[in-house]
Amino acid sequence: MKVRLSLLQQFGLFLIVLLVLALVPALVSTYLVTFFLTLLMYIALAYSWNFISGYTGYISFGQIALFGIGSYSCAILIFKWNMPWLLAAATGSLIAGAFAIPLGLIMLRLKGPYFAVGMMGLFQFLAALAATWKSLTNGATGIYLPPVSALAYIYFAFLGLAVVLFLATWKLEHSVFGLRLRTVKEDEEGAESLGINTTFYKVFAFVVSALGCGFAGGIQVFYVSYVDPTTAFPAVLNITMIIMALLGGMGTYWGPLIGAVLLGQVSEFLWAHFPYFHLIIYGCLLAFIIMFMPSGIMGYFHKRKMLRGEGNPSLTNGSAALKPANGNG
Amino acid sequence: MNETILSAQDLTKRFGGLLAVNQCSFDVRQGSITGLIGPNGAGKTTMFNLICGNLKPTAGEIFFQEKKITGYSPHRLARLGVGRTFQLSRVFKGMTVRENLFLVPPPADSPKSSVSKAKDLLDSVGLGRHTNTYAGTLSYGQQKLLEFARAFMLDPKLMLLDEIFAGLNPEETERQIKTIQAFRDRTQTTFVVIDHAVSVVLRLCEWIVVMNQGEIIAQGPSREIENNEKVIEAYFGSSSLELLMEEVG
């Protein structure tokens, strides 16, 4: 059986889900709100990572560096200038995005493992810088901020960010712009020969990813009311966001959502039921998934569809991508 | 129509101690089908990479429609109207045939929409029935045709074909020759063709440039090149004259 929803139906469904999510803070316990807001942060980060690594194939092992830049920018803006936190988080996001332009122009010249390791190095470097640059970051002591007045604000901020990133990814999947971005992953030289400025597309994706990570960092800082090098540059989160996108299927728009929700639930369940072994079971589970579904859950279904010889219905029959788009770059 | 569309002047490319292309100069006439031949390692593909901006020349200049284009990036050249296909086909395997064509940024002065242009191009290379097929599931010959059609989305004025006949069966080769000729007649596109199948190149091209060890050893109308002794020697060694004559037929 095949269910194919019209665009209007999809939109309706989307609104219903959004409404339910918006009511969460009013309906459930504080514990569940914190669980959901963490989940939303995971979703936002997985989408941010997916934007650059999933669509262009430039696997970043240090995208959390931009989360850290967002965190520190936000904390310093609140601490030194007493800026309202949402504005500070937005500014932090913009700073991370602006930083990503020269960074992308330099780093995205590296390919494959060199880019991955280069980003990891950058992440380590920034963490070390944050610990030593005491006049700005207060070093390892960190910066303390006023505590959060209402958890719901944090929840809504993460919800907003996750929804924006989801919609941006959806748009990517349904546009000629997205097709051009995907050519970077498929064959950069071939794309260049067709008049596609691959540098522009790569840096664009990198900057969008930085904006997402930076904003998440800013909200996170306000949520924990504190920033130091380990909370701004969390090594575990760096890996978690990658695994979530991988599990769901990188380069797909449902992938990061599915991966984040699944992994978020599973790790919470394991942690609650096997307090001593949860990391072992978790690790085995991940190894198992990567062995048998290397392209993730969505990637697995996509591959099967491809082998059956069916095109991507959203692009080939829909009209969205076929409107003449003028060449960019 | 005897204008020069592409002109290479003293083009040199050095990779460390290796002179891949050494002071090569040649002109390509507007509307012609020009062949670039030579044994393996002669520097043919390096020459294409220099023209298309994939490599920067060590010395020398390139002019396209009397404009100096030395050092331009590949995407900029493509937008100017220099199209190419690659030795190993470079279709986007994870996208459908149609998507492969749609993603090409339309030229600013394109009279037709991408949709109708893509349809026409796919029909003219015989892929009209495969529009929704993933490019990766096509046969190798079909992938080469797709790559050829895709490059025409640029409305190229100059089209460089790197070993477009390699891996095609005789029937497909015939069809490809006809397609190139038809495209030339219809769109006035200038072609430069690299290939190892000398007989095909001699038949298809009006003008031939022969390279050996990074240098141009002969150029002229195909009829003259056929009998040029330096060319025969470069290809087969001096004793294999009969072999070449046999192949040329």
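**Exercise 1. Find the angle at which helices α12 and α13 of chain A pack, and decide how the pair should be described.**

Helix α12 (residues 235–248) and helix α13 (residues 255–273) of chain A pack at an angle of about 115°, and their axes are 7 Å apart. Here axes are lines fitted to C-alpha atoms, for helices over the stretch in contact, and angles run from 0 to 180 degrees between N-to-C directions. Helices themselves are DSSP runs (H or I, at least four residues), as strands are (E, at least two), numbered from the N terminus.

The next step is to classify the angle: under 35 degrees counts as roughly parallel, over 145 as roughly antiparallel, 65 to 115 as roughly perpendicular and the rest as oblique. α12(A) and α13(A) are therefore roughly perpendicular to each other.

The last step concerns the residues that meet, where contact requires C-beta atoms, placed from the backbone, to lie within 7 Å. Among those in α12(A) are A:Ile243, A:Met244 and A:Leu247, while those in α13(A) include A:Pro256, A:Leu257 and A:Ile258. By class, this contact has 11 nonpolar, 3 polar and no charged residues, where Ala, Val, Leu, Ile, Met, Phe, Trp, Tyr, Cys and Pro count as nonpolar, Asp, Glu, Lys and Arg as charged, and the others, Gly among them, as polar.

The model is a predicted one, in which local features need pLDDT of at least 70 and side-chain atom pairs count only at pLDDT 80 or more, while totals for chains, interfaces and linings use all residues. Residues are numbered from 1 along each chain as its sequence is written, and chains are lettered from A and ligands numbered from 1 in the order in which they are written.

**Exercise 2. Work out how α8 and α10 of chain A pack, and which residues make the contact.**

Helix α8 (residues 176–186) and helix α10 (residues 198–224) of chain A pack at an angle of about 100°, with a distance of 9 Å between their axes. That angle makes α8(A) roughly perpendicular to α10(A). On the side of α8(A) the contact is made by A:Arg180, A:Leu181 and A:Val184, and on the side of α10(A) by A:Thr198, A:Tyr201, A:Lys202 and A:Ala205. Sorted by class, the contact has 4 nonpolar, 1 polar and 2 charged residues.

**Exercise 3. Decide whether A:Leu5 is buried or exposed, and locate its surroundings.**

A:Leu5 is placed in the segment before α1 (7–27) of chain A. A residue is buried if 20 or more other C-beta atoms lie within 10 Å of its own, exposed if 12 or fewer, and partly exposed in between. A:Leu5 has 10 other C-beta atoms within 10 Å, so it is exposed. Not counting residues up to four places away in sequence, A:Leu5 touches A:Gln10 and A:Leu13.

**Exercise 4. Describe helix α1 of chain B, and then the side of chain B that touches chain A.**

In helix α1 (residues 44–51) of chain B, 7 of the 8 residues are buried, so the helix is largely enclosed by the rest of the structure. The buried residues include B:Met47, B:Phe48 and B:Ile51. Just after α1(B), B:Gly53 takes a positive phi of about 85°.

Turning to the interface, 30 residues of chain B are in contact with 26 residues of chain A. α2 (74–80), α3 (97–102) and α4 (114–124) of chain B each supply at least two residues of this side of chain B, and α2(B) gives the most, with 4 residues. By class, the side of chain B that touches chain A has 14 nonpolar, 9 polar and 7 charged residues.

Terms used
Two residues are in contact if their C-beta atoms, placed from the backbone, lie within 7 Å.
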